[in-house]
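Thanks for coming. I will go through one structure this morning, chain by chain, and then say where the chains touch.

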Amino acid sequence: MKIAKEAIVGTLESSDLLVKVAPNDSGILDIVIRSEVIKQFGKQIRRVIDQTLSKLEVSEGTIIVEDKGALEYAIRARVQSAVLRGAASEELNWEQLS
Amino acid sequence: MTEFDFSAVRPEDSPQDVEEVKALLAASQLQFDTEIEVLVLCRARDRLIACAGLDHNVIKCVAVAKDFRGKSLSLRLGSEIVHLAAGRERFHLFLYSPPHNRDLFQGWGFYPLVEVPDLVLLMENSPIAIKSYCDLLRLQKSPGNRIGSCVLNANPFTLGHLFLVERAAADCDWLHVFVVREDASVFAYEDRFALVAEGVKDISNLTLHQGSEYIISRATFPGYFLKEKATIDHSWAAIDLLLFRAYIGPALGITHRYVGTEPFDAITDNYNLDMKYWLQEAQSTKEPISVVELPRMAINSTPVSASAVRRLLTEGDFDSIKNLVPATTLDFLEMKYSTAAQSAEGAELK
């Protein structure tokens, strides 16, 4: 699916994250992650985000993540909900999300 | 733990809150800005301890009381204002801050764009938006030693604009023309752009660009759209010009910027002076862009200006307008404003 409209989910508070999604003018999937714990957990955070996006079959959009040290399940939930809002899609396969 | 109580108010609805906000800002050496649509306020036991203002997609007037400074309150304030903006369908946000607060706002997910040293820093809430924009511009780069540029509001497009563009194009290997995108003028962006496109279509060494938030927009140059109210601050022009020098110019290899002399409008005349300073004189790691001021075209010793056309339009004086605009603009104005249309829409022209 494509990100068709802008959406923002989450907060900037400690142990949470803010996820911003937007349509991508160049037709690519662009993912930018900033985290307060990027040195220690950058790879894991990236993996969780990549997995979540690929489960949702996101192929196009700009995804910006401002992480404040969130746990994996929080990252997954925030990314899912941002993508679903931004995809403007009513169809939702809950099994894919688990 | 102290309870924080967040609320949003429109300044015009709540003069009392505004007084408190002014005091809070003053304690941080900041001034209240009259161009604010909505304020986020944070109170602790009824005392105002933090505030942030939103004007369209621009965050400004952010302050936190000294005894409440510490990361957590500021980050909540940041979340609140970002979501308030999102609720108003504004996602791409800009933020003005004193330069020393850079780190704080980076924690809000904002990234520095340009800084007027020691005075003001412009940030945006994307680490890649300006880069993506420049990447798209770069695709339209043309070869040459002398690459010119001009930025037109074209409200509406006159023979004066055409004269400027023709002279600049003749002077350069290639010319990039931008039309101010912000819909804050008498004529809609779509119409302004179409008239420019029609007017310059015979010039072969020219690229016409859509405007953007990074060129004379409400976000980067709010004062420009206030000029009829005669309220202006010089640092606004500096931000706009520094963006041009740091990002747009290098992306297209621009070496020169062309502008008409301004005999009528003091604000625009100051803008031309600022342009010379910030584009070519100010110390910067970015290459200077030379400013070329061309004398404004005059007809019967009267300089041609879009404001004159607007004035004549309110008087319905199409005979005089005919001398000041290309045929395409005249057709558009006649279609839109003559006879029947005039009574309905002419009244809105100021």
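A definition before the sheets: two strands count as paired if DSSP finds at least two bridges between them. Keep in mind too that this is a predicted model.

Let me use that definition straight away, in chain B. How many strands form the open sheet that begins its order with β1, and in which order do they stand? There are 7 strands, in the order β1-β2-β3-β4-β5-β7-β6 of chain B, and their pairing is mixed. At the edges are β1 (5–9) and β6 (111–116) of chain B; each has a single partner strand, so one side of each is left without a neighbour in the sheet. From one strand to the next, the twist averages 25°.

At the β6(B) edge, the pairing is with strand β7 (residues 120–124) of chain B, in the antiparallel sense and over 5 bridges. As one example from that pair, Val116(B) stands opposite Val120(B) in β7(B).

This sheet also has a helix across it. Helix α1 (residues 15–26) of chain B lies across β1, β2 (38–44), β3 (47–55) and β4 (58–64) of chain B. Relative to β3(B), α1(B) runs at about 95°.

Now the other sheet I want to show in chain B. Here 5 strands form an open sheet in the order β10-β9-β8-β11-β12 of chain B, and the pairing is parallel. Its edge strands are β10 (206–209) and β12 (290–294) of chain B, each of which pairs on one side only. The twist in this sheet averages 25° from one strand to the next.

Strand β11 (residues 256–260) of chain B is worth a closer look. On one side, β11(B) runs parallel to β12(B), and 5 bridges join them. Within that pairing, Tyr258(B) has Val292(B) as its bridge partner, and Arg257(B) stands opposite Val291(B). β11(B) also pairs with β8(B), again in the parallel sense, over 2 bridges. There, Gly148(B) stands opposite His256(B).

Is β11(B) largely enclosed or left open by the rest of the structure? It is largely enclosed, because 5 of its 5 residues are buried. Buried here means that 20 or more other C-beta atoms lie within 10 Å of the residue's own. As for directions, side chains in a regular strand alternate between the two faces of the sheet. In β11(B), His256(B), Tyr258(B) and Gly260(B) point one way, while Arg257(B) and Val259(B) point the other way, and all are buried.

Two helices on this sheet come next. Helix α5 (residues 159–171) of chain B packs on the sheet and touches β8 (147–152), β9 (174–179), β10, β11 and β12 of chain B. The direction of α5(B) makes about 170° with that of β8(B). Helix α6(B) packs on the sheet as well, touching β8, β9 and β10 of chain B, with its direction at about 155° to that of β9(B).

α6(B), residues 189–199, also packs against helix α11(B), residues 327–337. Their axes are 9 Å apart and the angle is about 150°. Angles over 145 degrees count as roughly antiparallel, and α6(B) and α11(B) are therefore roughly antiparallel to each other. On the α6(B) side, the residues that meet the partner helix are Asp191(B), Leu195(B), Glu198(B) and Gly199(B); on the α11(B) side they are Thr328(B), Thr329(B) and Phe332(B). By class, that contact has 2 nonpolar, 3 polar and 2 charged residues.

Taken as a whole, chain B has 12 helices and 14 strands. Its radius of gyration is 22 Å, close to the 20 Å that the globule rule gives for 350 residues, so chain B is as compact as a globular protein of that length. Its C-alpha atoms fill a box of roughly 70 × 50 × 30 Å along the principal axes. Of its 350 residues, 39% count as buried.

On to chain A. It has 3 helices and 4 strands, and from the N terminus on they run β-β-β-α-β-α-α. Of the 98 residues of chain A, 35% count as buried.

Finally, the contact between the chains. Chain A gives 17 residues and chain B gives 17 residues. In chain A, the elements that give two or more residues to this side are β2 (17–22), β3 (29–35) and β4 (61–67). The residues on the chain A side divide into 6 nonpolar, 4 polar and 7 charged.

Notes:
Residues numbered from 1 in each chain as written. Chains lettered and ligands numbered in written order. Predicted model: local features only at pLDDT ≥ 70, side-chain atom pairs only at ≥ 80, totals over all residues. Contact = placed C-beta atoms within 7 Å. Nonpolar A, V, L, I, M, F, W, Y, C, P; charged D, E, K, R; others polar. Axes fitted to C-alpha atoms, helices over the stretch in contact; angles between N-to-C directions. Parallel < 35°, antiparallel > 145°, perpendicular 65-115°, else oblique. Buried ≥ 20, exposed ≤ 12 C-beta atoms within 10 Å, placed from the backbone. Rg over C-alpha atoms; globule rule 2.2 N^0.38 Å.
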